[in-house]
Amino acid sequence: MPEDMEFNDVRRGSDLEFGQSNLRAVRHRPGEPLNFGAICCVSNVCGCIGFAEHAAGGLANLPNLVIADYVSLPYGYWLSSPYDALGIDRGVRNWIEGNNSAVAAATIYERLPKPKRICRRY
């Protein structure tokens, strides 16, 4: 990086930023690259989602915001009582995170810019 390069230059050049905090975004501003057209993937428990939704007049107005849901149970998995939730072990947590991460990854892939294909005939 050139010496005179600033942090906002990195933001301007980003295609994708991950803000996977499970706490409020105090120092880290995961939605900031939205200003430059980048895709931002944030955790569904991040405190910035409500602000972004309010500022944009709804999440539908933020096509570059991908919300990764790591806490909701995948389709077909259910708990019959709060005690069942206490029994979720690392293997189940990893399975839940893996399934939900696949959904976020597919959404990101759909939304990333695609290069134009050049068809050449020889």
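1. **Helices and strands.** The protein chain has four helices and three strands. Read from the N terminus, its elements follow the order α-β-β-α-β-α-α. Please keep in mind that you are looking at a predicted model.

2. **How confident is the prediction?** The average pLDDT of the protein chain is 82, and 87% of the residues score at least 70. Which elements have the lowest and the highest mean pLDDT? Helix H1 (residues 7–12) has the lowest, at 80, while S3 has the highest, at 92. As a reading habit, where pLDDT is low, the predicted coordinates should not be read in detail.

3. **The sheet.** Look next for the three strands, which form an open sheet in the order S1-S2-S3, with parallel pairing. Strand S1 (16–19) and S3 are the edge strands, and each of them pairs on one side only. From one strand to the next, the twist averages 20°. If sheets are new to you, strands of a sheet pair through backbone hydrogen bonds, either parallel or antiparallel.

4. **Where S1 meets S2.** These two strands run parallel and are joined by four bridges. You can trace the pairing residue by residue: Leu16 stands opposite Ile39 in S2, Glu17 has Cys40 as its bridge partner, and Phe18 stands opposite Cys41. S1 also has two faces to compare: Glu17 and Gly19 are on the covered one, whereas Leu16 and Phe18 are on the uncovered one.

5. **Where S2 meets S3.** Here too the pairing is parallel, over four bridges. Find Cys40 again, and you will see that it stands opposite Leu65 in S3. So how many residues of S2 are buried? Five of the five are, so S2 is largely enclosed by the rest of the structure. Ile39, Cys41 and Ser43 point one way from the strand, and Cys40 and Val42 point the other way. That fits a simple rule: in a regular strand the side chains alternate between the two faces of the sheet.

6. **The two sides of H2.** Helix H2 covers residues 48–56, and its buried residues are Cys48, Ile49 and Ala52. Why do they line one face of the helix? Seen down the axis of H2, the buried residues fall within an arc of 100°, so they share one face. A bit of background helps here: an α-helix has 3.6 residues a turn, so residues three or four places apart point the same way. On the other side of H2, Phe51 and His54 are exposed.

7. **What H2 packs against.** Which strands do the buried residues of H2 pack against? They pack against strand S2 (39–43) and strand S3 (65–68). Taken together, S2, H2 and S3 make a right-handed β-α-β unit. Just after H2 comes Gly57, whose phi is positive, near 75°.

8. **A residue in the loop.** Val45 sits in the loop between S2 and H2. Is Val45 buried, exposed or partly exposed? Its relative accessibility is 38%, so Val45 counts as partly exposed. Try locating Tyr70 as well: Val45 and Tyr70 are 25 residues apart along the chain, and their C-alpha atoms are separated by 8.5 Å.

9. **A helix across the sheet.** Now turn to helix H4 (residues 90–111), which lies across S1, S2 and S3. Relative to S3, H4 runs at about 170°.

10. **The chain as a whole.** Of the 122 residues in the protein chain, 24% are buried. Now consider contacts between residues at least 6 apart in sequence: 51% of these join residues at least 24 apart.

Notes:
Residues numbered from 1 in each chain as written. Heavy atoms only, no water. Buried < 20%, exposed > 50% of the residue type's maximum accessible area, 1.4 Å probe, protein only. Arc of directions from axis to C-beta. Contact = heavy atoms within 4.5 Å. Pairing = 2+ DSSP bridges. Right-handed = clockwise from strand over helix to strand, strands pointing away. pLDDT = per-residue confidence, 0-100. Axes fitted to C-alpha atoms, helices over the stretch in contact; angles between N-to-C directions.
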